[in-house]
Amino acid sequence: METARVLVAADKFKGSLTAVQVAERVTAGLRRVVPGVRVETLPVADGGDGTVAAAVAAGFERRETRVTGPLGDPVTAAYAVRGTTAVVEMAEASGLQHLPDGVFAPLTATTYGSGELLRAAVDAGARTIVFGVGGSATTDGGAGMLAALGARFLDADGKPVGPGGGGLADLAEADLSGLDPRFAGIDLILASDVDNPLTGPKGAPEVYGRQKGATEADIATLDAALAHYASLLGPEQAGLPGAGAAGGIGYGALVALGARFRPGIEVMLDVLGFAPALDRATFVITGEGSLDAQTLHGKAPAGVAAAARAAGVEVVAVCGRLALTPQALEGAGIRRAYALLDLEPDPAVCMAQAGPLLERAAESIARDFLASSPSGV
């Protein structure tokens, strides 16, 4: 009798478990019920925070460097390298995690460190860079990133404008002539689950500004400043999908660095070697902290499920919180979802005990799908 070959390809449970920890807990729960089950783990990410960790788990080498954080202070940021391919996560340099609790800087937070991180990847020999954007503390259109790479953004007196999106209101001249010439030969892939334009009702300030501490007045200021910035750099690119990603850093990468936009989960599945892992599997377990409407729009579980369904491999999901109907799950290619809140209804306890609860959920999956037939599925 053939033993099931399970592929665990889940994202992190934000705030409680990394993607690697999710895979470990699921594996432990499965093996408690079916000791002989063959499990391959492939932690995944969709370009947001956790992307470097997923690459490292897949065999990339972790590198660290000191860069400028979103508030201008030095921070340690990691990126990942394998051969001539690098995975760079802008949140490592310019993410919300670098802000002290309760401290936001919606008008002045800078992506300068993201530019330094990209330069470090090129210095390390990267010719292809997967640039995962998400979880940013910034709304500066990527101006800080470009300044770190040699661009100059000057006011009417010929002085550099202030940091962040707010400073762009004073922009009189955008000089890109000093940009690091090596980027002309780099394949820079903008990996994001966000396809918003730079400005307007669906733009970066309006849709994402509030989670970065922006008031309504700040949002209006940032939207006008970014529109002015785009009028000098290239207004046509401001409407491209992904231009509004991570506070508009997508726009800066598209307009000045020759980046090409791809849905983050598609890029990451390619980089992580998901296709050959799927070929080896007879059953897939995916998941993330919250399975909700956002999941269906480019998040990791939807990408994993779509690929598995196309290959004819059954998929179930694990999550902390489930906010999708059975019909929505089925539409996404997910047979069933196992939520930790069904085991422990108190959200605080659920997050604190996510590891043991996830093992229990995996035991249920094993009983429901792996222990009931000769093939294991």
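**Exercise 1.** In this predicted model, determine whether Arg336 is buried, partly exposed or exposed, and describe its salt bridge with Asp368.

*Solution.* Step 1: Partly exposed means a relative accessible area between the limits of 20% and 50%. Arg336 has 35% relative accessibility and therefore counts as partly exposed. Step 2: Asp368, with a relative accessible area of 36%, is likewise partly exposed. Step 3: The side chains of these residues form a salt bridge, with an N to O distance of 3.0 Å. Step 4: Asp368 lies in helix H15, whereas Arg336 belongs to the loop between helix H13 (326-332) and strand E13 (337-339); the pair, 32 residues apart, links distant parts of the chain. Step 5: Shared partners also join salt bridges into one network made up of Arg25, Arg32, Glu359, Glu363 and Arg367.

**Exercise 2.** Locate the salt bridge between Arg25 and Glu359, and state the accessibility of each residue.

*Solution.* Step 1: The two side chains meet at 2.8 Å, N to O. Step 2: Arg25 sits in helix H1 (residues 19-33) and Glu359 in helix H15 (residues 354-370), 334 residues apart. Step 3: Glu359 is buried at 12% relative accessibility, while Arg25 is partly exposed at 29%.

**Exercise 3.** Characterise the salt bridge of Arg280 with Glu40.

*Solution.* Step 1: The closest N and O atoms are 2.6 Å apart. Step 2: Arg280 is in the loop between helix H11 (274-279) and strand E11 (283-291), and Glu40 is in strand E2 (residues 38-41), 240 residues apart. Step 3: Arg280 is partly exposed at 43% relative accessibility, and Glu40 is partly exposed at 26%.

Definitions and conventions. Residues are numbered from 1 along each chain as its sequence is written. This is a predicted model: local features need pLDDT of at least 70, side-chain atom pairs count only at pLDDT 80 or more; totals for chains, interfaces and linings use all residues. Side-chain values use heavy atoms; hydrogens and water are left out. A salt bridge is a side-chain nitrogen of Lys or Arg within 4 Å of a carboxyl oxygen of Asp or Glu. Helices (H or I, at least four residues) and strands (E, at least two) are DSSP runs, numbered from the N terminus. Buried means under 20% relative accessible area, exposed over 50%, partly exposed in between (1.4 Å probe, protein chains only).
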